[in-house]
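Colleague: I would like a close look at a single part of this model, with the surroundings described as far as they can be. Please keep it plain.

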Amino acid sequence: MMNYKGGVGKTTLTANLGAVAASRGMRVLLLDFDPQTNLTFSFFSIDDWHERIKNEHTIKKWFEGDPPGSKVSLADLVLTPEPVNTALGDSGGRLDLISSHLGLINIDLDLAAHLGGSTTLDGSQRKFLDLHGCLRRALQDDRFSEYDLVLIDCAPNFGIVTKTAIVASERILVPAKADYLSTLGLEYLAGSCNELKQHFNDFAKHKGGVGGHWPIDPTILGVVFTMVQIYSQKPTASQSEYIEEVKESSEITVLSSMIRNSARHFGGSGEGGVPSMLRRTTKDDDVVREFHQLADEVLGALGLVSEGAR
Ligand SMILES: Nc1ncnc2c1ncn2[C@@H]1O[C@H](COP(=O)(O)OP(=O)(O)O)[C@@H](O)[C@H]1O
Ligand SMILES: [Mg+2]
């Protein structure tokens, strides 16, 4: 999940899409890569995080290694939040998470220093590949092979931490509000991802590959409009016009699923560790229906079997 803009619904989408996939029996891993740590706090209480997680069990610890992963292995950071997994009941699914840390904000600077100066000089190519490919390599650990789906909640920037997530990803989902500011950077984002991909693959080619699955091809799956204002079962005229405009003018695909604005579902503070989509079981809930539709579309595009069963 990626957008340069904050507050567009990335975290809400990651938590709820993950929960819906898990409710269909999938084994889902969520990676919180945003120093705001909101995804983590959707599943763990702040007290619990301070007592058990903060010091030893966050992605910050992993990135602090030089190279990343040398202090602690990624698989050792996997947490299984209890409330959500209890709510998943006998669905057969599971939802695990790797926590973020507020201090992740400083990590980008350290990593940039490690990389040092230009990335185009031959001597830096190995460093570039090692650093940007670190998450991709770590996820090849056997202990991750049990997961059907990994969702990464990125920070609203294109720093090195975010780049490691892009390099590790098969597809990029771009949540956006149907307004000018939230869609402003879409073309730029697509361009940046493409540039990173080419850069990485060129370097890897010269260095004879980097092991594992290569070349990389993290492409944009599409824009998902979130917090859409719905009246009489349709987006308002102005938002609808805007969405059409993005569809026509942008080269980026716009998914046919969208998530409406609903303070009733997402407005409350304190989720109690269970995403809204698992707390609502009524079949005629519009937002639940929209999330299942989104899951069908996303899982379908990823080639993951999607039963659509509730
Ligand atoms: N569909 C929605 N309807 C109403 N409020 C929403 C919806 N999706 C997200 N929100 C709220 O909007 C705010 C920003 O969402 P969040 O998922 O944290 O965005 P981001 O991760 O992109 O910063 C949060 O308070 C969240 O609860
Ligand atoms: Mg967020």
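Which element gives the most to the shell around ligand 1?

Modeller: Helix H1 does, with 3 residues in the shell around ligand 1. The model is predicted, and what follows should be read with that in mind.

The ligand site comes first. In total, 13 residues surround ligand 1, and the closest are Gly-7, Thr-11, Thr-12, Arg-260 and Ser-262. By class, the shell is made up of 7 polar, 4 nonpolar and 2 charged residues. Three polar contacts to backbone atoms can be listed. A polar backbone atom of Lys-10 is 2.9 Å from an oxygen atom of ligand 1. For Ser-262, a backbone N or O atom lies 2.8 Å from a nitrogen atom of the ligand. For Phe-266, a backbone N or O atom is 2.9 Å from an oxygen atom of ligand 1. Taken alone, the ligand exposes 550 Å², of which the protein buries 75%. H1 and E8 are the elements that give two or more residues to the shell.

Arg-260 leads from the ligand to the charged pairs. Besides being among the closest residues to ligand 1, Arg-260 meets Asp-286 in a salt bridge, 3.5 Å from N to O. Arg-260 lies in strand E8 (residues 254-260) and Asp-286 in helix H15, so this pair ties together parts that are 26 residues apart in sequence. The two partners differ in cover: Arg-260 is buried, with a relative accessible area of 12%, whereas Asp-286 is partly exposed at 25%. The pair also belongs to a network of salt bridges that links Arg-260, Asp-286, Arg-289 and Glu-290.

Helix H15 takes part in a second link, this one to the loop that comes after H1. Asp-296 forms a salt bridge with Arg-24, and their closest N and O atoms are 2.9 Å apart. Asp-296 lies in H15 (residues 286-301), while Arg-24 is in the loop between helix H1 (10-23) and strand E1 (27-33), so the contact ties together parts that are 272 residues apart in sequence. Here again one partner is covered: Arg-24 counts as buried at 10% relative accessibility, and Asp-296 is partly exposed at 34%.

The whole structure holds 16 salt bridges. Another of them joins Glu-146 to Arg-94, with the closest N and O atoms 3.4 Å apart. Glu-146 is in the loop between helix H8 (134-138) and strand E3 (149-154) and Arg-94 in strand E2 (residues 94-98), so the pair ties together parts that are 52 residues apart in sequence. In this case both ends are partly exposed, Glu-146 at 31% and Arg-94 at 30%. As a general point, side chains of opposite charge can pair when their charged atoms come close.

For the setting beyond the site, begin with the backbone. Thr-37, in the loop between E1 and helix H2 (38-43), has phi near 60°, a positive value in a residue other than glycine. Thr-37 is buried, with a relative accessible area of 0%. Met-227 in strand E5 (residues 219-228) also has a positive phi, of about 55°, although it is not a glycine. Met-227 counts as partly exposed at 28% relative accessibility. The peptide bond from Asp-66 to Pro-67 is cis, with omega near 5°, and Pro-67 is placed in the loop between helix H4 (59-64) and helix H5 (82-87).

Cover varies from place to place. Helix H9 (residues 160-168) is mostly covered, with 8 of its 9 residues buried; among them are Ile-160, Val-161, Ile-166 and Val-167. Ile-53, in helix H3 (residues 46-53), is buried with a relative accessible area of 0%. The C-alpha atom of Ile-53 is separated by 33 Å from that of Thr-219, 166 residues apart along the chain. At the surface, Tyr-180, Leu-181 and Leu-184 make a nonpolar patch of about 350 Å². Of these, Tyr-180 lies in helix H10 (residues 180-183) and is exposed, with a relative accessible area of 55%.

To return to the part you asked about: H1 gives 3 residues to the shell, and Arg-260 is both one of the closest residues to ligand 1 and a member of the salt-bridge network with Asp-286, Arg-289 and Glu-290.

Definitions and conventions: Residues numbered from 1 in each chain as written. Chains lettered and ligands numbered in written order. Predicted model: local features only at pLDDT ≥ 70, side-chain atom pairs only at ≥ 80, totals over all residues. Heavy atoms only, no water. Salt bridge = Lys/Arg side-chain N within 4 Å of Asp/Glu carboxyl O. Helix = DSSP H or I, 4+ residues; strand = E, 2+ residues; numbered from the N terminus. Buried < 20%, exposed > 50% of the residue type's maximum accessible area, 1.4 Å probe, protein only. Patch = residues over 30% accessible without salt bridge, like charges linked within 9 Å, V, L, I, M, F, W, Y side chains within 5 Å. Areas by Shrake-Rupley, 256 points an atom, 1.4 Å probe, with all protein chains shown as cover. Near = heavy atom within 4 Å. Polar contact = N/O pair within 3.5 Å; in protein donor to acceptor, adjacent residues only side chain to side chain. Nonpolar A, V, L, I, M, F, W, Y, C, P; charged D, E, K, R; others polar.
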